[in-house]
Amino acid sequence: NDQLPLCHGVDNAIHVSEVDVVIDGDGQPTPELPSAPVTDVDQAVGRLIAAEIDEGSCLQIGIGAMPNAVCSSLLASGVRHLGVHSEMLMDGLVDLYLSGQIDNSRKQLAPGVTTYSFALGSERTYRTIHDNTDFSCCPIEYTNLPHTVMQNERAVSINNTTQIDLQGQAASESDGHRHISGTGGQLQFVRAAYASPGGKSFICLASTYDKRGERRSRIVLDLTSGNVVTTPRTDIMYVVTEYGLVNLKGQPLAERARALISIAHPDFRDDLERQARDARVIPRAYL
C-alpha cells in the first residue's frame with residue numbers, strides 16, 4: 001500500500017549488518033497484558049461515548065478498562081465500517097475487527113488497513129495480527145503526528161485521565177510529583193481528532209477515587225500541586241464521567257466550570273460550586 005510509508009517489509013525489520021550483538025531468547029511466550037476488570041462505572045462511560053460514534057469513524061483508543069468498555073459498547077451497538085489509526089492496538093479493537101465492525105473501508109489514509117505502533121494485550125490478539133495484512137505496525141511519526149492523523153475523516157480519540165480541574169486542564173501522568181505514566185499520544189490524538197472533519201475527542205474518567213479509605217472527587221477546583229497537565233484546557237473537547245458527557249470546546253470559563261460540575265459525583269457538586277464561586281471561576285452574580 002503506497003499510503004503506508006515506512007510500515008511494511010524491510011522497514012519493519014533491522015538488517016543484520018546493523019546489529020552488533022545477538023542474544024538468544026529463552027523461547028518464552030510474548031508477554032500479555034490482562035484486561036482490567038470492567039466496572040459499572042466503566043460500562044456507563046463506555047455507553048455514553050459509544051452513542052457519539054458514527055458509522056465510518058476512525059478510532060484511537062488508549063489503555064485501560066474504561067477505553068476497553070467503549071469497545072464492548074461499540075460491539076453491542078453494531079456500528080459498522082469503523083477504522084483504526086492508533087498508537088496502541090488492544091484487545092477491544094481486535095474484538096471489533098473479528099466481529100466485522102472494523103473494516104477500515106472509510107479511511108482516507110491506508111484504507112482497508114488497521115495502523116498502529118504497538119500491540120499489547122492477550123495471546124488471542126497476537127495470533128490475530130500475526131502475518132495478517134489487515135494490520136500494519138508503523139513508526140510513531142506516522143501513527144501519532146496530528147497533521148497525519150487529521151487526514152482521516154471522523155477521527156475519534158478516546159483516552160483516560162486521572163484528574164481534571166474546573167478550567168478543563170486534564171492531568172493524566174502523575175499524582176502530584178509522583179510519576180504514574182508517560183504522556184503517550186493523548187494530546188496528539190486530541191488535537192488530531194478536533195482538526196479532523198467530523199472528528200471528536202473524548203477524555204474519560206471515573207467521577208471519584210478512594211485514597212486511604214476516603215472518597216475523593218477527580219473533578220477539582222485546582223489540580224493537585226505538582227500534577228503534570230497532559231491536555232491543556234484549550235484542546236479539551238468532550239469530557240465524560242459515569243454521570244454524563246459535556247463538550248467544553250469554545251466554552252467560556254464559567255460555563256466550562258458549570259458543565260464539569262454537572263458530571264461530578266453528586267456528593268461533591270455543592271462544594272465544587274461553592275469553591276468555584278469563592279475563587280471567581282464562576283462569578284458570584286452568575287446565575
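Where is the place of arginine 212? Arginine 212 sits in the loop between strand S13 (208-211) and strand S14 (214-217). The model is a predicted one.

**Two loop residues with positive phi**

Arginine 212 is not a glycine, yet its phi is positive, at about 50 degrees. The residue is exposed, because its relative accessible area of 73% is over the 50% cut-off. Aspartate 131 also has a positive phi, near 55 degrees, and is a residue other than glycine. Aspartate 131 belongs to the loop between helix H4 (123-129) and strand S6 (135-137). With a relative accessibility of 70%, aspartate 131 counts as exposed. As background, most residues other than glycine have a negative phi.

**Two buried strand residues**

Threonine 115 is part of strand S4 (residues 114-116). Its relative accessible area is 0%, which is under 20%, so threonine 115 is buried. The side chain of threonine 115 makes a polar contact with the side chain of lysine 107, at 3.3 Å.

Serine 201 lies in strand S12. Is serine 201 buried or exposed? Serine 201 is buried, because its relative accessible area is 1%, under the 20% limit. Setting aside neighbours within four places in sequence, serine 201 contacts Ser157, Val190, Ala193, Met237 and Tyr238.

**Nonpolar cores**

The largest nonpolar core contains 31 residues. Ile49, Ile53, Leu59, Leu74, Leu93 and Ile158 have the most contacts inside it. Several elements each supply at least two residues of this core. Among them are the helices H1 (40-50), H2 (65-77) and H3 (91-99). The strands S1, S3 (88-89), S7, S12 (200-204) and S16 (238-241) also do so.

Which residues does isoleucine 158 touch, not counting residues up to four places away in sequence? Isoleucine 158 touches Ile49, Ile53, Gln60, Ile61, Gly62, Val70, Phe202 and Cys204. Ile49 and Ile53 are thus partners of isoleucine 158, and both are also listed with the most contacts inside the largest core.

Another core lies apart from the largest one. This other core has 23 residues, among them Val190, Ala259, Leu272 and Ile282. Val190 is also a contact of serine 201.

**Cavity and pocket**

The count comes to one cavity of 30 Å³ or more. Its lining consists of Cys58, Leu59, Gln60, His85, Val149, Ala155, Val156, Ser157, Phe189 and Ala193. Strand S1 (58-61), strand S7 (155-160) and helix H7 (186-195) each give two or more residues to that lining. Leu59 lines the cavity and is also one of the residues with the most contacts in the largest core. Ser157 and Ala193 line the cavity, and both are in contact with serine 201.

The largest pocket is lined by 29 residues. Gly62, Ile63, Asn160, Thr161 and Ser172 lie nearest its centre. H1, S1, H2 and S7 each supply at least two residues of the pocket lining. Gly62 is also touched by isoleucine 158.

The table sets out volumes and lining classes.

| Space | Volume | Lining by class |
|---|---|---|
| Largest cavity | about 50 Å³ | seven nonpolar, three polar and no charged residues |
| Largest pocket | about 720 Å³ | 11 nonpolar, 15 polar and three charged residues |

Technical notes. Residues numbered from 1 in each chain as written. Predicted model: local features only at pLDDT ≥ 70, side-chain atom pairs only at ≥ 80, totals over all residues. Heavy atoms only, no water. Helix = DSSP H or I, 4+ residues; strand = E, 2+ residues; numbered from the N terminus. Buried < 20%, exposed > 50% of the residue type's maximum accessible area, 1.4 Å probe, protein only. Polar contact = N/O pair within 3.5 Å; in protein donor to acceptor, adjacent residues only side chain to side chain. 1 Å grid on protein atoms, 1.4 Å probe; cavity = no way out; pocket = protein on both sides within 12 Å on 5 of 7 lines; lining within 4 Å. Points joined across faces, edges and corners; volume = space filled by probe spheres on them. Nonpolar A, V, L, I, M, F, W, Y, C, P; charged D, E, K, R; others polar. Core = buried A, V, L, I, M, F, W, Y, C linked by side-chain atoms within 4.5 Å. Contact = heavy atoms within 4.5 Å.
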